[in-house]
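Biologist: I would be grateful for a close look at one buried part of this model, followed by an account of the architecture around that part. Please proceed from individual residues to the sheets and helices.

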Amino acid sequence: MRISIRRVLIGLAGAMALSLGLASHPGDAAAEKYKIYLSMSFIGNDWQAEAANMIKAMAAHKSMADKVDLQIQVAGPNAQRQIQQINSMVQAGAKAIIVFPISPTALNQVVKNACDKGVVVIAYDAEITEPCAYNVHIDQHEAGRVTAEWLAKKLNGKGDIVILTGVPGTSVDTQRTEAAKEVFAKYPDIHIVAESVGMWSQAVSRTELSKILATRGWDKIDGLWLQVGCYTANSMQVESGISPDKLKPCSGEGANGGRIQMLPVGTEVEGANATYTPMNAPRISYASPPYSGALALKLAVQKLDGKEIPKLTILPLPLVTNDTIKLCKEGTWAEMKAGCNAFQPSLVPNPGWFASIYSEQTPEVGLQGALVGQPEE
């Protein structure tokens with residue numbers, strides 16, 4: 001009997017120890033997740049907010065939710081602050097860092113330090129030149145070149161044009177602008193009569209265009225090359241009394257408002273209002289697709305799972321013209337796969353929201369992912 005009681009007491013002690021052990025580590029399940037940080041720089045535009053939504057949606061997808069502990073930090077347009085934050089991420093135990101870098105070179109040393117500690121660093125949209133980093137983006141030179149060539153041909157090689165650039169210092173802005181100006185330089189009768197920094201923001205574009213128009217009316221502008229702002233420029237022209245059939249050709253961003261304006265006059269769209277309506281506006285619309293960050297996160301998890309991923313992933317450049325614009329009725333994955341590239345205003349109330357969200361590589365994220373950070377089923 002004594003032996004039996006002793007065994008029972010030992011068993012109870014062991015059970016209690018096991019129970020206490022489990023209770024003392026409530027975060028064990030969470031600890032098994034990969035701690036992944038999103039490092040954002042400038043966020044004062046629609047694109048950055050949408051890209052962040054798609055990253056959140058990817059992390060929340062059923063294929064990722066049990067693997068990823070996503071944490072987000074915003075540095076603003078300040079390279080030193082982004083460097084400090086990345087250092088802190090590494091010290092906090094980051095397994096991977098997904099980053100929109102404010103500069104292609106300023107982060108190189110801190111990224112190298114992160115890599116040396118085994119952290120996977122992947123830049124999306126903008127570029128990091130440190131060799132240990134991974135990069136996911138479109139060919140920004142191609143974006144600048146193709147859109148400038150479209151505008152030059154639309155103007156038959158002559159005219160006065162206005163340029164609005166993006167966020168200074170980023171590889172995106174530098175490469176696009178350089179490529180576009182190289183094209184315009186081939187046309188001696190095309191003159192850049194005004195240039196300003198648009199910060200990839202519809203609101204900033206309106207402010208900067210207003211300043212330009214204070215000294216040069218629409219009658220003295222023949223075309224526009226705007227990294228962001230074609231929707232706003234078209235709206236401002238209509239607001240000033242210009243008929244939609246007299247709108248200046250604009251080469252610029254993939255904002256949904258601009259794409260709705262590209263649709264033929266009379267196209268039935270749900271929720272159209274004011275200048276967020278079909279106008280047959282002469283346009284070429286391109287975009288750095290905002291799913292790039294979500295893809296970067298997906299690739300980071302694959303790398304942490306032991307799979308090989310490419311050092312450089314060049315995404316297809318989304319290009320839409322008046323001939324290829326196609327309205328999505330419901331915004332389903334099947335519709336996007338079939339080629340629709342503009343969304344009903346009733347689905348997307350914000351005209352500055354970017355419409356190039358489809359990729360065969362990211363079926364985990366779709367319209368709701370881009371709008372509110374909710375993944376596909």
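Modeller: Two residues are taken to be in contact when heavy atoms of each come within 4.5 Å. The model under discussion is a predicted one. By that criterion, and with residues up to four places away in sequence left out, Gln-237 touches Trp-218, Leu-224, Ile-242, Lys-246, Leu-247 and Lys-248. Gln-237 belongs to helix 9 (residues 230-239). Its relative accessible area is 0%, and the residue is therefore buried, the cut-off being under 20%. A polar atom of the Gln-237 side chain lies 3.0 Å from the backbone nitrogen of Lys-248. Lys-248 thus appears both among the contacts of Gln-237 and as the partner at that distance.

The account turns next to the sheets. One open sheet has six strands in the order 7-6-8-9-10-12, and its pairing is mixed. At its edges stand strand 7 (189-197) and strand 12 (319-321); each has a single partner strand, so one side of each lacks a neighbour in the sheet. From one strand to the next, the twist of this sheet averages 15 degrees. Within the order just given, strand 9 (residues 250-252) and strand 10 (residues 283-286) run parallel and are joined by three bridges. One residue pair can be named here: Gly-252 has Ser-285 of strand 10 as its bridge partner. Helix 8 (residues 202-213) packs on this sheet, where it touches strand 6 (158-165), strand 7 and strand 8 (223-226). The direction of helix 8 makes about 140 degrees with that of strand 6.

Two buried loop residues add detail to this region. Gly-198 occupies the loop that leads from strand 7 to helix 8. With 1% relative accessibility, Gly-198 counts as buried. Apart from neighbours within four places in sequence, Gly-198 is in contact with Thr-165, Gly-166, Val-204 and Ser-205. Its C-alpha atom is separated by 6.9 Å from that of Glu-208, 10 residues away along the chain. The other residue, Thr-170, is found in the loop between strand 6 and helix 7 (171-184). Thr-170 is likewise classed as buried, since its relative accessibility is 0%. A polar atom of the Thr-170 side chain lies 2.8 Å from the backbone oxygen of Val-167. Beyond its neighbours within four places in sequence, Thr-170 contacts Phe-100, Pro-101, Ile-102 and Trp-200.

A further open sheet also has six strands, ordered 2-1-3-4-5-11, and here the pairing is parallel. Strand 2 (68-74) and strand 11 (312-314) form the edges; as each has a single partner strand, one side of each is left without a neighbour in the sheet. The strand-to-strand twist averages 15 degrees. Strand 1 (residues 34-40) pairs with strand 2 in the parallel sense over seven bridges, and Lys-35 stands opposite Asp-69 of strand 2. Helix 4 (residues 79-91) lies across strand 1, strand 2 and strand 3, and runs at about 175 degrees to strand 1. Strand 3 (residues 96-99) in turn pairs with strand 4 in the parallel sense, over four bridges; in this pair Ile-97 stands opposite Val-121 of strand 4.

Strand 4 merits separate attention. Five of the five residues of strand 4 (residues 120-124) are buried, so this strand is largely enclosed by the rest of the structure. In a regular strand, side chains alternate between the two faces of the sheet. In strand 4, Val-120, Ile-122 and Tyr-124 point one way, whereas Val-121 and Ala-123 point the other way, and all are buried.

A packed pair of helices completes the account. The axes of helix 3 (residues 46-60) and helix 11 (residues 292-304) come within 7 Å and cross at roughly 30 degrees. The crossing of helix 3 past helix 11 is right-handed. Helix 3 contributes Trp-47, Met-54, Ile-55, Met-58 and Ala-59 to the contact, and helix 11 contributes Ser-292, Gly-293, Ala-294, Leu-297 and Lys-298. Classified by residue type, this contact comprises seven nonpolar, two polar and one charged residues.

Terms used. Residues are numbered from 1 along each chain as its sequence is written. This is a predicted model: local features need pLDDT of at least 70, side-chain atom pairs count only at pLDDT 80 or more; totals for chains, interfaces and linings use all residues. Side-chain values use heavy atoms; hydrogens and water are left out. Two strands pair if DSSP finds at least two bridges between them. Axes are lines fitted to C-alpha atoms, for helices over the stretch in contact, and angles run from 0 to 180 degrees between N-to-C directions. A crossing is left-handed if the near helix is turned anticlockwise from the far one by less than a right angle, and right-handed if clockwise. Ala, Val, Leu, Ile, Met, Phe, Trp, Tyr, Cys and Pro count as nonpolar, Asp, Glu, Lys and Arg as charged, and the others, Gly among them, as polar. Buried means under 20% relative accessible area, exposed over 50%, partly exposed in between (1.4 Å probe, protein chains only). A polar contact is a pair of N or O atoms within 3.5 Å; within protein, one must be able to donate a hydrogen and the other to accept it, and residues adjacent in sequence count only if both atoms are side-chain atoms.
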